[in-house]
Every structure is written in C-alpha cells, then in structure tokens.
Amino acid sequence: MCSSPDRSLTDIAHGLGIHLETLRKWVRDDRTHTRTAEGEGDADMTPDEKEELRCLRRENARLEEDNEILRKAAACFARETTR
C-alpha cells in the first residue's frame, strides 16, 4: 500500500487515521526488517558483526543438519524396536 505511486504517504496516513511520522517510521522499520531478513541489511554492520553473523549462520546450518540426522536415526531405531 505504501509503495503505491498513485497515493502519497500523507494520503495513506490520513486514510488510516494516523500521524504521518508514525506511518513513515512503520515503513522505514518494515524496509529495514525486510532487508535484514533477506540478508541485505549487512551494510550497517561492523566487520566483527558481519563475521559473527557468518559464523552463526554456518553453525545454524550445521545444527540443522545434525538435527535431521538425529531425526532419521530416531526413526530408524523406532522401526527396529517394533520388529
């Protein structure tokens, strides 16, 4: 709605019954959240933060793989005990 070229933020804020600056903050926060969620918000991060984020993402991927292996092993053991 707020990215519509035919309506201004002022019109949208008035239509919603909110203050213009409130809507601007919401739009800015949403754009920041969207960029961060998509991995594009790294520009505001320090090099140490970027490195930590890379390490955490790598560890998260490894832990997800470990969990998948454990799920499969548990299913295998469950099948064996029911025989």
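## Close-ups of salt bridges on a three-helix chain

**View 1. Lysine 25 and its salt-bridge partner, aspartate 29.**
Lysine 25 comes out as partly exposed, with a relative accessibility of 42%. Keep in mind that everything here is a predicted model. Which residue does lysine 25 pair with in a salt bridge? That would be aspartate 29, and the closest N and O atoms sit 2.6 Å apart. Aspartate 29 is partly exposed as well, at 36% relative accessible area. The two residues belong to helix 2 and are 4 residues apart, which is about one turn of the helix.

**View 2. Arginine 24 and glutamate 21, a salt bridge in helix 2.**
Here the closest N and O atoms of arginine 24 and glutamate 21 are 2.6 Å apart. How far apart are the two in helix 2? They're 3 residues apart, so about one helical turn separates them. Arginine 24 has 38% relative accessibility, which puts it in the partly exposed class. Glutamate 21 falls in that class too, at 42%.

**View 3. Glutamate 68 and arginine 71, a salt bridge in helix 3.**
Now we hop over to helix 3, where glutamate 68 and arginine 71 are 3 residues apart, about one turn of the helix. Their side chains meet at 2.5 Å, N to O. Is arginine 71 buried or exposed? Arginine 71 is exposed, at 51% relative accessible area, just past the cut-off of over 50%. Glutamate 68 is partly exposed, with 34%. As for the chemistry, side chains of opposite charge can pair when their charged atoms come close. The pairs in these three views are among the 5 salt bridges found in the whole structure.

**View 4. Cysteine 55 and cysteine 76, both partly exposed.**
How many disulfides does the structure hold? The count is 0, and a pair of cysteine sulfur atoms would have to be within 2.5 Å to score as one. Cysteine 55 has a relative accessible area of 33%, so it lands in the partly exposed class. Cysteine 76 gets the partly exposed label too, at 34% relative accessibility.

**View 5. Helix 2 and helix 3, compared by confidence.**
Zooming out a little, the chain runs α-α-α along its sequence, with 3 helices and 0 strands. Which element has the lowest mean pLDDT? It's helix 2, residues 20–37, with a mean of 82. Helix 3, spanning residues 47–81, has the highest, at 93. So the salt bridge between lysine 25 and aspartate 29 lies in the helix with the lowest mean confidence, while the one between glutamate 68 and arginine 71 lies in the helix with the highest. Over the chain, the mean pLDDT is 85, and 82% of the residues reach 70 or more.

**View 6. The surface of the 83-residue chain.**
What share of the residues is buried? Buried residues account for 6% of the 83. About 7100 Å² of the chain is exposed. Carbon and sulfur atoms supply 54% of that area.

Terms used: Residues numbered from 1 in each chain as written. Predicted model: local features only at pLDDT ≥ 70, side-chain atom pairs only at ≥ 80, totals over all residues. Heavy atoms only, no water. Buried < 20%, exposed > 50% of the residue type's maximum accessible area, 1.4 Å probe, protein only. pLDDT = per-residue confidence, 0-100. Areas by Shrake-Rupley, 256 points an atom, 1.4 Å probe, with all protein chains shown as cover. Salt bridge = Lys/Arg side-chain N within 4 Å of Asp/Glu carboxyl O.
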